[in-house]
Amino acid sequence: MVARVLGIAMANIINPYRFAAAAGGDEFVEIAGGTQIGSTDYKYLSFSTDSWFEITNAGSAEGSNTFEYLVMAGGGGGASAVYCGGGGAGGYRTNYGGTGVTAVEQVYTVTVGGGGTGATALGFFTGGTGGTGSNSSITATGTAITASGGGGGGRYQSDGTEDGGSGGSGGGGASNQGLAGSGNIGGNGGDPSIAEGYDGGGYSVSSTQGCSGGGAGAVGVANMSGSGSVAGGAGISNSITGSGVTYGTGGAGNGYNTINGADGTYAGDGGGSGGYDVPGGDPSVSGYNGLGGDGADGVVIIRWKFQ
């Protein structure tokens, strides 16, 4: 009798919770696909190549029913040879810390943009333009989140100096009249008043320096009268994975006696421009032999509350 009474009592405690959850109570978003990493009450997925994920349970308002994202496009490549510009960072879009995307039970397609190729053409008037980075995105029915690839750096040429390419963040212009590439406005967390990226640096004075690429957090730097390098536009720190990481730094604008342009080191970084009079370069184009750095590939990250 005692056991039966206790059994009934336990049923009265457990069953109402189970039935309430089944009726749409305290449920949480569930996602299939990829290698999921847990952090306290949250999980995240990070994609470095094209992929997918599927929301198998859209959750509830009492538990969780949204997800957050960071979408970073590929950075632009740096231009090559003398007086050339650095690549712009890839476009940066996120709603981390803001309003989540409403979860819908469906498959989402993830596209991760590659970085633009650094230019390799050499010579005083025959340097190359940095390649444009590729877009990254999350798409599904009712959802389209796209970040634009970074603009390539502009080259120095005999018929006029080339401007930086436009993109998520703009590429840096070459020195001697090269204008900045434009960064896109309109898309950070769906707020059109917030920049996806910033303009590259534009011509300031006649010098051996190129201008640097724009970053996710700041404009690129105009060339100066010195002979060294100018840093790329600043990136933005984001903690969607549980710790702060800086995304989308613009490529440096290099000058006289500097190394070849550095490749972008982290997601969406722009590639640095080629240097001038780089030791150990091709003797057939002595003095104008700095190669442009490659832009870094993008990344896509999603985060959701799972308990």
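Which residues does Arg303 touch, not counting residues up to four places away in sequence? In this predicted model, the list runs Tyr42, Lys43, Tyr44, Phe67, Glu68, Tyr96 and Ile240, with contact taken as heavy atoms within 4.5 Å. Arg303 sits in strand β13; strands (E, at least two residues) are DSSP runs, numbered from the N terminus. Arg303 counts as buried because its relative accessibility is 16%, the cut-offs being under 20% relative accessible area for buried, over 50% for exposed and partly exposed in between (1.4 Å probe, protein chains only). Its side chain also makes a polar contact with the side chain of Glu68, at 2.5 Å. Such a contact is a pair of N or O atoms within 3.5 Å; within protein, one must be able to donate a hydrogen and the other to accept it, and residues adjacent in sequence count only if both atoms are side-chain atoms.

A few ground rules apply. Residues are numbered from 1 along each chain as its sequence is written, and side-chain values use heavy atoms, with hydrogens and water left out. As the model is predicted, local features need pLDDT of at least 70 and side-chain atom pairs count only at pLDDT 80 or more, while totals for chains, interfaces and linings use all residues.

Phe67 leads on to the nonpolar core, meaning a set of buried Ala, Val, Leu, Ile, Met, Phe, Trp, Tyr and Cys residues joined through side-chain atoms within 4.5 Å. The largest one has 23 residues, and Phe67 is among those with the most contacts inside it, along with Ile31, Phe47, Phe53, Ile55, Ile138 and Ile302. At least two residues of this core come from each of β3 (42-47), β4 (51-57), β5 (66-72), β8 (107-111), β9 (136-140), β10 (143-147) and β13 (299-305). Apart from it lies another core, of 11 residues, including Tyr92, Val245, Tyr247 and Val299.

On to the sheet: 5 strands form an open one in the order β1-β4-β8-β9-β10, paired antiparallel, where pairing takes at least two DSSP bridges between two strands. β1 (30-32) and β10 are the edge strands, each pairing on one side only. Between β8 and β9 there are 3 bridges, and Thr111 has Ser137 in β9 as its bridge partner.

As for confidence, pLDDT (the predictor's confidence in each residue, from 0 to 100) averages 81 over the protein chain, with 75% of residues at 70 or more. Over residues 1-22 the pLDDT is below 50, and this stretch has 3 contacts beyond near neighbours in sequence. Where pLDDT is low, predicted coordinates should not be read in detail.

Methods:
Helices (H or I, at least four residues) and strands (E, at least two) are DSSP runs, numbered from the N terminus.
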